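Hi,

Here is the structure I said I would pass on. Have a look at it, and then read on for what turned up.

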Amino acid sequence: MSSVITCIEDLRVLAQKRVPKMFYDYVDVGSWTESTYRANAADFQSLLLRQRVARDLSQRSLRSAMAGQDVAMPVAIAPTGLTGMQRADGEILAARAAKAFGVPFTLSTVSICSIEDVAEGTQGHPFWFQLYVMRDRKFVQRLIDRAKAAQCSALVVTLDLQISGQRHKDLKNGLSAPPRLSLLNLLNMAGKPRWCLGMLGTRRRTFGNIIGHVEGVDDMASLADWSSKQYDPALSWEDIAWIRRQWPGKLILKGIQDVEDAHLAVASGADALIVSNHGGRQLDGAPSSIRALPAIAQAVGRQIEVHMDGGVRSGQDVLKAVALGAKGVYIGRAMLYGLGAMGETGVTRALEIIHKELDLTMAFCGKTDIREVDASILLPT
Ligand SMILES: Cc1cc2nc3c(=O)[nH]c(=O)nc-3n(C[C@H](O)[C@H](O)[C@H](O)COP(=O)(O)O)c2cc1C
């Protein structure tokens, strides 16, 4: 490799070189005009940190806890669909990197590697499972049972995908897993030999949690038909109550943007909520997560653990989110860029970069323990 990787942007650039266009675009995209996608990252920049000097910074700790789990820093891996298309067996690789680093890994319902694959690939190390509430409630029930059997230590229920935002690039690219072998796709893949070799060496090339687990869904055509009808527009808080009864472990509700919904999340008996707009992939025009966070943290932060995701690309971003009331943040694209660039090593690299930036930035602000960081490290804007 010609240049040294020093930041998440370096990983993004390398991922763009190594991952076929259709799957790189699937990551680096937001819905419609992408204004919320851009704002997620840009709004972090408008927050200013308060530098302090001449404080003893010799002993520092980033250790914390998220949803009852000790973490090396308050960062978890976000659930992302089709992760095994960025790099063969991507979910297993990312879960291993998270395990070694000491942060939670969240597996998506629409992953390529299945719950069982990841449990086996991490030697039973507990991970978190993200649930989409599909119309087929028997399938949902079975997913919950499979997550229990795999000893998943938290269930993350995503609430902001009852209907799907439109992402222009995915439609134009004809996104599918495995990719259709059109001339254009073949030409593009030919330029990504490392990716192709990996894919030839794995049997996991489509939705591992679904294929073989739904009656009548055993090939790509039936899968595509089933999935397109399965996100449930009728999802309600009664479904959350039902899930709460099924899942005795930690329950995290993902996709909260509004204070009223945050109060409903508290009433549902969930253990944590994630302030999230799905990485700018759903409601285009919604505020960035870092903008939505303070009001929600203020309203319910004493009753429920508040997490956030969206636009986190550096340790500075993590610090700002913690300052504004997040007990922890999740990284989606920062992890995916690492994975697409360098597989498991790339995910580790992404975590290392963020850890180092977080440690030094916290110290510049005169703090030595992440658990003591609050809004006093920000300048009034
Ligand atoms: C490629 C991609 C796929 C995603 N798939 C899922 C998913 O399957 N389930 C889910 O709850 N969220 C999904 N998300 C949203 C992430 O969990 C998270 O909210 C978002 O990526 C955070 O923003 P960031 O990418 O800027 O860190 C996805 C995001 C991306 C980028």
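A quick word on the classes I use for residues around the ligand: Ala, Val, Leu, Ile, Met, Phe, Trp, Tyr, Cys and Pro count as nonpolar, Asp, Glu, Lys and Arg as charged, and the others, Gly among them, as polar. Sorted that way, the shell around the ligand comes out as eleven polar residues, eight nonpolar and five charged. Please keep in mind that this is a predicted model.

Let's stay with the ligand. There are 24 residues around it, and those that come nearest are Pro 79, Ser 108, Thr 158, Asp 309 and Gly 311. Ser 108 has a polar side-chain atom 2.7 Å from a ligand oxygen. The backbone joins in too: an N or O atom of the Gly 81 backbone sits 2.9 Å from a ligand nitrogen, and a polar backbone atom of Arg 333 is 2.9 Å from a ligand oxygen. On its own the ligand would expose 600 Å², and the protein buries 99% of that. As for where the shell comes from, α2 (21-27), β5 (128-132) and α15 each supply at least two of its residues.

Now the core. The largest nonpolar core has 115 residues, and the members touching the most others are Val 157, Leu 273, Leu 293 and Met 308. Helix α15, residues 333-364, gives the most to this core, with 14 residues. What does Val 157 contact, leaving aside its neighbours within four places in sequence? The list is Leu 131, Val 133, Ile 240, Ile 243, Leu 251, Ile 252, Leu 253 and Lys 254. There is also a second, separate core of twelve residues, with Val 71, Ala 76, Ala 272 and Ile 274 among them.

Two buried polar side chains are worth a look. Arg 146 is in helix α6 (residues 137-149). Its relative accessibility is 12%, so it counts as buried, the cut-off being under 20%. The Arg 146 side chain has a polar contact of 2.8 Å with the side chain of Glu 116 and another, of 3.2 Å, with that of His 213. Not counting residues up to four places away in sequence, Arg 146 touches Ser 114, Ile 115, Glu 116, Gly 208, Asn 209 and His 213.

The other is His 278, in the loop between β8 (272-275) and α13 (289-300). His 278 is buried as well, with a relative accessible area of 12%. Its side chain makes a polar contact of 2.8 Å with the side chain of Asp 160. With the same sequence neighbours left out, His 278 touches Tyr 132, Thr 158, Asp 160, Leu 161 and Lys 254. Thr 158 also turns up among the residues that come nearest to the ligand.

Last, some backbone oddities, each of them in a loop. Ala 177 and Pro 178 are joined by a cis peptide bond, with omega about 0°; Pro 178 lies between α7 (168-173) and α8 (183-190). Trp 32, in the loop between α2 and α3 (35-45), has a positive phi, near 40°, without being a glycine. Leu 82 is another non-glycine with a positive phi, of about 60°, and belongs to the loop between β3 (75-77) and α4 (90-101). Which of these two is buried and which partly exposed? Leu 82 is buried, at 4% relative accessible area, whereas Trp 32 is partly exposed, at 40%.

Cheers

Terms used:
Residues numbered from 1 in each chain as written. Predicted model: local features only at pLDDT ≥ 70, side-chain atom pairs only at ≥ 80, totals over all residues. Heavy atoms only, no water. Core = buried A, V, L, I, M, F, W, Y, C linked by side-chain atoms within 4.5 Å. Buried < 20%, exposed > 50% of the residue type's maximum accessible area, 1.4 Å probe, protein only. Helix = DSSP H or I, 4+ residues; strand = E, 2+ residues; numbered from the N terminus. Contact = heavy atoms within 4.5 Å. Near = heavy atom within 4 Å. Polar contact = N/O pair within 3.5 Å; in protein donor to acceptor, adjacent residues only side chain to side chain. Areas by Shrake-Rupley, 256 points an atom, 1.4 Å probe, with all protein chains shown as cover.
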